[in-house]
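Trainee: I'd like to learn how to read a structure like this one. Can we go through it together, feature by feature?

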Amino acid sequence: MAEPEWTSIFQNYATSMREGDSWCLQFDNTLVPNSPKPGWQQYIKNTGARFLCTKCGRSWPSNRVMVVFHMQLKDGQGVVKVRRFRQDCKKCKEAPMEKPSITPDNINILMESLVEKIRIKCYHEDLGKANRPFQKLDVKSPHEPTHCEACREGICTQEMQM
């Protein structure tokens with residue numbers, strides 16, 4: 001799904017935050033996992049997505065797609081930076097890293113979980129509920145760390161739930 005759809009879905013969920021505060025979503029492929037800037041909070045979540053190789057046209061599903069969010073609330077202005085981790089094709093030599101194509105249902109689940117984390121980390125609310133799991137895709141082959149950008153950066157783990 002394209003970035004404007006992510007922003008629209010995020011804005012729908014962001015209405016549940018403190019009245020008068022405004023929030024925006026920005027995509028930033030330079031975000032460094034586990035190194036938010038001072039004053040920023042981090043949330044990492046995995047989801048299911050499909051990838052399409054722009055070199056050979058091969059497509060594959062993955063339930064190990066990592067998404068990193070860095071968020072900050074300052075003087076009523078909230079910013080969330082997002083980085084979706086990519087994968088490359090195992091069939092192509094020197095394949096480019098491809099962006100994940102995440103379904104609207106899974107983007108909704110990501111945004112709902114993100115807003116819960118913002119309310120906990122930025123507003124210090126105690127929501128007392130667990131995140132809703134993403135919708136898993138039918139994956140026939142095992143995850144291949146050598147083709148996963150998140151594995152290369154050390155944040156792709158089976159049990160990760162921050």
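Mentor: Sure, and let's start with a term: a residue is called buried when its relative accessible area is under 20%, and exposed when that figure is over 50%. Keep in mind as we go that this is a predicted model.

Trainee: Is Glu149 buried or exposed, then?

Mentor: Put its value against the cut-off: Glu149 has a relative accessible area of 8%, so it counts as buried. You'll find Glu149 in helix α3, which covers residues 149–152.

Trainee: Which side chain does the side chain of Glu149 make a polar contact with?

Mentor: That would be Arg86, at 2.8 Å. Look around Glu149 too: leaving out residues up to four places away in sequence, it touches Arg83, Arg84, Phe85, Arg86 and Met97.

Trainee: Let me step back. How many helices and strands does the chain have?

Mentor: Three helices and four strands. Follow the sequence and they come in the pattern α-β-β-β-β-α-α.

Trainee: And what do I do with a radius of gyration?

Mentor: Hold it up against what a compact globule of that length would give. For 162 residues that is near 15 Å, and the chain has 16 Å, so the two agree. As for the box, the C-alpha atoms fill roughly 50 × 30 × 30 Å along the principal axes.

Trainee: What share of the residues is buried?

Mentor: Buried residues make up 46% of the 162. On the outside, the chain exposes about 8700 Å², with carbon and sulfur atoms supplying 48% of that area.

Trainee: How about charges: how many positive and negative side chains are there?

Mentor: Count 24 positive and 19 negative, with the centres of the two sets 5 Å apart.

Trainee: Now contacts. What percentage of them join residues at least 24 apart in sequence?

Mentor: Take the contacts between residues at least 6 apart in sequence: 69% of those join residues at least 24 apart. Trp40 gives you a pair to look at, as Trp40 and Gln72 are 32 residues apart in sequence but 4.8 Å apart in space, C-alpha to C-alpha.

Trainee: Where does Trp40 lie, and what is it in contact with?

Mentor: Trp40 is in the loop between β1 (22–27) and β2 (41–52). Setting aside neighbours within four places in sequence, Trp40 is in contact with His70, Met71, Gln72, Val79 and Lys81. At 17% relative accessibility, Trp40 counts as buried.

Trainee: What about a lysine, say Lys117: buried or exposed?

Mentor: Lys117 counts as buried because its relative accessibility is 17%. Lys117 is found in helix α2. For a distance to check on screen, Lys117 and Phe69 are 48 residues apart in sequence and 10.0 Å apart in space, C-alpha to C-alpha.

Trainee: One last feature: what should I make of phi angles?

Mentor: The general idea is that most residues other than glycine have a negative phi. Here, Asp75 has a positive phi, near 50°. Asp75 is found in the loop between β3 (59–74) and β4 (77–84), and at 76% relative accessibility it counts as exposed.

Trainee: And what is the phi of His124 near?

Mentor: Near 55°, again a positive value in a residue other than glycine. His124 lies in the loop between α2 (104–121) and α3. With 66% relative accessibility, His124 counts as exposed.

Technical notes
Residues are numbered from 1 along each chain as its sequence is written. This is a predicted model: local features need pLDDT of at least 70, side-chain atom pairs count only at pLDDT 80 or more; totals for chains, interfaces and linings use all residues. Side-chain values use heavy atoms; hydrogens and water are left out. Helices (H or I, at least four residues) and strands (E, at least two) are DSSP runs, numbered from the N terminus. The radius of gyration is taken over C-alpha atoms; the globule rule is 2.2 Å times the number of residues to the power 0.38. Buried means under 20% relative accessible area, exposed over 50%, partly exposed in between (1.4 Å probe, protein chains only). Contact means heavy atoms within 4.5 Å. Accessible areas come from the Shrake-Rupley method with a 1.4 Å probe; for residues, only the protein chains shown count as cover. Lys and Arg count as positive and Asp and Glu as negative; His and the chain ends are not counted. The place of a charge is taken as NZ of Lys, CZ of Arg, CG of Asp or CD of Glu. A polar contact is a pair of N or O atoms within 3.5 Å; within protein, one must be able to donate a hydrogen and the other to accept it, and residues adjacent in sequence count only if both atoms are side-chain atoms.
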